[in-house]
Amino acid sequence: MKSEVTKEGLIEGRSSTQKDAEEAAATAAALGAVKGIKDKDKKEAAESAAMAAFAAYLAESGRGQEINLQHGIKFELELERALYLLKE
């Protein structure tokens, strides 16, 4: 993920839109169906397309949740609500 630094130093990660998630799902569905179409197996094509589309949609709609900070970067965090840290 690429991050952007605004003129005031605010770091914002690129977030996904509904359109991005839909496009990812459509592309994955087409790619997932290829083997079934090649083998002339309608059931395999449909199942593979659906599974690939679902996985791509979930992956794309969750994008923007992580950001990598380089070693040595100064980081200031302003919370708008409580932050709870849990040990796993």
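**Close-up views of a predicted two-helix model**

**View 1. Ala56 and its contacts.** Leaving aside residues up to four places away in sequence, Ala56 touches Ala24, Ala25 and Ala28. The model is predicted. Ala56 lies in helix H2. Its relative accessible area is 16%, so Ala56 is buried. Glu23 is 33 residues from Ala56 in sequence, yet the two C-alpha atoms are 9.1 Å apart in space. Thr27 is separated from Ala56 by 29 residues in sequence and by 8.5 Å, C-alpha to C-alpha. Thr27 belongs to helix H1. At 47% relative accessibility, Thr27 is partly exposed.

**View 2. The buried face of H2.** Helix H2 covers residues 42-61. Buried in H2 are Ala45, Ala49, Ala53, Ala56 and Glu60. Viewed down the axis of H2, the buried residues fall within an arc of 75°, so they line one face of the helix. What do they pack against? Helix H1, residues 18-38, is the partner of the buried residues of H2. Ala56 illustrates the packing, with its contacts to Ala24, Ala25 and Ala28.

**View 3. The other side of H2, and its length.** Lys43, Met51, Phe54 and Ala59 sit on the other side of H2 and are exposed. H2 has 20 residues. At 1.5 Å a residue, they should span 28 Å. The end C-alpha atoms of H2 are 28 Å apart, so the expected span and the model agree.

**View 4. A salt bridge within H1.** The side chains of Lys19 and Glu23 form a salt bridge, at 3.9 Å from N to O. Both residues are in helix H1. They are 4 residues apart, which means that about one helical turn separates them. Are these side chains buried or exposed? Lys19 is exposed, at 54% relative accessibility. Glu23 is partly exposed, at 42%. Side chains of opposite charge can pair when their charged atoms come close.

**View 5. A salt-bridge network.** Salt bridges link Lys35, Asp39 and Glu44 in a network. Lys35 takes part in both pairs described here. With Asp39, the distance is 2.7 Å, N to O. With Glu44, the distance is 3.7 Å, N to O. Asp39 is partly exposed, with 41% relative accessibility. Glu44 is also partly exposed, with 22%. The structure holds 4 salt bridges.

**View 6. Lys40 in the loop between H1 and H2.** Lys40 lies in the loop that joins H1 and H2 in sequence. What is the sign of phi at Lys40? Phi is positive, about 60°, although Lys40 is not a glycine. Most residues other than glycine have a negative phi. Lys40 has a relative accessibility of 77%, so the residue counts as exposed.

**View 7. A nonpolar patch on the surface.** Leu69, Ile73, Phe75, Leu77, Leu79, Leu83 and Leu85 form a nonpolar patch on the surface. Together they have about 730 Å² of accessible area. Leu77, one of the patch residues, lies in the segment after helix H2. Its relative accessible area is 54%, so Leu77 is exposed.

**View 8. The whole protein, for orientation.** The protein contains 2 helices and 2 strands. Along the sequence they follow the pattern β-β-α-α. What share of the 88 residues counts as buried? The buried share is 14%. The protein exposes about 8,200 Å². Carbon and sulfur atoms supply 54% of that area. Consider the contacts between residues at least 6 apart in sequence: 56% of them join residues at least 24 apart.

Notes. Residues numbered from 1 in each chain as written. Predicted model: local features only at pLDDT ≥ 70, side-chain atom pairs only at ≥ 80, totals over all residues. Heavy atoms only, no water. Patch = residues over 30% accessible without salt bridge, like charges linked within 9 Å, V, L, I, M, F, W, Y side chains within 5 Å. Areas by Shrake-Rupley, 256 points an atom, 1.4 Å probe, with all protein chains shown as cover. Buried < 20%, exposed > 50% of the residue type's maximum accessible area, 1.4 Å probe, protein only. Expected span 1.5 Å × (residues − 1). Arc of directions from axis to C-beta. Contact = heavy atoms within 4.5 Å.
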